[in-house]
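Dear colleague,

I am passing on the structure below, and after it you will find my notes on the bound ligands and the enclosed space. Please read them alongside the coordinates.

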Amino acid sequence: MLSVTAATDAILAALTTWPEVSVPLAMSSGRVLRQNVLAERDQPPFDRVTMDGIAVRHSAYAAGRREFAIAASQHAGDPALSLATAEACIEVMTGAVLPAGTDCVIPVERTTRAGGNIHVEPDYDATARQFIHARGSDHRQGYCLLEAGRRISAIDVALLASAGLAEVPVSKLPRIRVISTGNELVAPGTPIEAHQIRMSNGPAIVAMLQQQGFSDSAHLHLRDEQSVLEKHIGEQLADSDVLVLSGGVSMGQADFVPQVLSNLRVRKIFHKVSQRPGKPMWFGTGPQGQLVFALPGNPVSALTCCRHYVLPALLTASATSPRAAVTVRLAAPFRFAPALTCFLPAQLTADENGQLRAQPVPTNTSGDFTTLASTDGYLQLAADETDFPADSLQPFFHWAQS
Ligand SMILES: Nc1nc2c(c(=O)[nH]1)N[C@H]1C(S)=C(S)[C@@H](COP(=O)(O)OP(=O)(O)OC[C@H]3O[C@@H](n4cnc5c(N)ncnc54)[C@H](O)[C@@H]3O)O[C@H]1N2
Ligand code: MOO
């Protein structure tokens, strides 16, 4: 059986990067940027006034002048005016271009106005270049504002706009269909019998994908009938970049998924990974290179496998890096005897030195997803060890990718 590392490598080897597309700026947040973004101009692009007030020549102020004739008014958005004489000033507004021939801004609340003249408080101490956000002091034209490969945040949108980009080069969004299977499953909102189960994997997997920006993700549910599965999975396969199936991959009499995928010419890359939860996981590629993940139906297995394999694969194919594991100390000893990698849900806390510690929160079988709600992620405990002492350093994966 494949190890966790070998399974991860096999998925990575099957990936190709999604193509680059262009989207309007307003649609770009959450997408993966595909090209470096360079500054269109110096920032600020001119000496920018940062206070409403007057602009004067500092040499005149330093020589004792406190009264200035108002020569003009400079508003934000107007081309630069020019101050002809040191006896005068130009009224300036925040955001205006500093008028030529001035090098000092005095806030309006330090002045009084008398007719066409401005008087500055006698004791006001003005320094040269005060209240001026100097041209190019944030960055120069051509500076790399954003590097390719990042998920575009709201702040990034401000930088993209400042660089003049109406259209943004991003990774194409894959069309993802999440297909759950199982005759016992009933959707929320419909009446339920004692022997039935609410279907929770599909909505949760879609939510995990959408939280990572994969907004073209939708869920459908199929009954465990081979002909039904073959028809509908076939239709979705023809029309999708990625299928994420849940359930029907182990050894029960109604576990048809591997056979159905094989009939649909989805090439099996692996079935079963030496891990718990999630041992029966299946992965393959469709005739047009579609990625097909068939996750075990037990909810803890499905969610853990989605987080551990599906999300990193989709982020990598989108030309961005998945969140790496962090190393944390185990807060309590843990024993796991099977020769399998153990994905152990855990709560993170910081100790008195600020060091992260993970408190194991074992689930009551891999059907118990209620317990997961109190966890931050899971530890990956090595397959070739049995006893994991308190304070040992272990890799920890957050449920969320960011
Ligand atoms: N003889 C063996 N039996 C099983 C093995 C094995 O190796 N030999 N593996 C076990 C392991 S490990 C797992 S995990 C499960 C996986 O089985 P399937 O992928 O076939 O999943 P199902 O049988 O369809 O469902 C398992 C369990 O999960 C519930 N479920 C399924 N889908 C959903 C959903 N969308 N929402 C909520 N709950 C769901 C389902 O009702 C079952 O209780 O197989 C073991 N058996
Ligand atoms: O994946 Mo199964 O999760 O070990 O119950």
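**The surroundings of ligand 2**

Around ligand 2 one finds Arg 276, Pro 277, Gly 278, Lys 279, Pro 280, Asn 298, Ser 301 and Ser 366. Please bear in mind throughout that this is a predicted model, and that every value quoted here is computed from it.

Sorted by class, this shell is made up of two nonpolar, four polar and two charged residues. Three polar contacts deserve your attention: an oxygen atom of ligand 2 lies 2.3 Å from a backbone N or O atom of Gly 278, an oxygen atom of the ligand is 3.4 Å from a polar backbone atom of Lys 279, and, on the side-chain side, an N or O atom of Asn 298 is 3.1 Å from an oxygen atom of ligand 2. The space that ligand 2 takes up is the largest pocket.

**The surroundings of ligand 1**

Ligand 1 also sits in the largest pocket. There are 20 residues around ligand 1, and those that come nearest are Glu 184, Ser 200, Ser 250, Asp 255 and Gly 297. The shell divides into seven nonpolar, ten polar and three charged residues.

Which atoms of Asp 255 approach an oxygen atom of ligand 1, and at what distance? An N or O atom in the side chain of Asp 255 is 3.1 Å from an oxygen atom of the ligand, while the contacts of Gly 248 and Asn 201 involve the backbone: a backbone N or O atom of Gly 248 lies 3.1 Å from an oxygen atom of ligand 1, and a backbone N or O atom of Asn 201 lies 3.2 Å from a nitrogen atom of ligand 1. Taken on its own, ligand 1 has 870 Å² of accessible area, of which the protein covers 69%.

**The enclosed space**

Rolling a probe the size of a water molecule over the atoms shows where empty space is left. When the whole structure is searched, one cavity of 30 Å³ or more is found, and the largest cavity holds about 80 Å³ of space.

Its lining consists of Gly 30, Arg 31, Val 32, Arg 151, Ser 171, Lys 172, Leu 173, Gln 212, Gly 213, Phe 214, Leu 315 and Ser 318, which divide into four nonpolar, five polar and three charged residues. Where do these lining residues come from, in terms of domains? At least three are drawn from each of domain 1 (4–19 + 173–317) and domain 2 (21–43 + 138–171).

With best regards

Methods
Residues are numbered from 1 along each chain as its sequence is written. Chains are lettered from A and ligands numbered from 1 in the order in which they are written. This is a predicted model: local features need pLDDT of at least 70, side-chain atom pairs count only at pLDDT 80 or more; totals for chains, interfaces and linings use all residues. Side-chain values use heavy atoms; hydrogens and water are left out. A residue is near a molecule or strand if one of its heavy atoms lies within 4 Å of it. A polar contact is a pair of N or O atoms within 3.5 Å; within protein, one must be able to donate a hydrogen and the other to accept it, and residues adjacent in sequence count only if both atoms are side-chain atoms. Accessible areas come from the Shrake-Rupley method with a 1.4 Å probe; for residues, only the protein chains shown count as cover. On a 1 Å grid over the protein atoms alone, a cavity is a set of points where a 1.4 Å probe fits but cannot get out, and a pocket is an open set with protein on both sides within 12 Å along at least five of seven lines; lining residues have an atom within 4 Å of a point. A molecule sits in a cavity or pocket if more than half of its atoms lie within 2 Å of its grid points. Ala, Val, Leu, Ile, Met, Phe, Trp, Tyr, Cys and Pro count as nonpolar, Asp, Glu, Lys and Arg as charged, and the others, Gly among them, as polar. Grid points are joined across faces, edges and corners, and a volume is the space filled by probe spheres set on the points. Domain bounds come from an automatic or database domain assignment.
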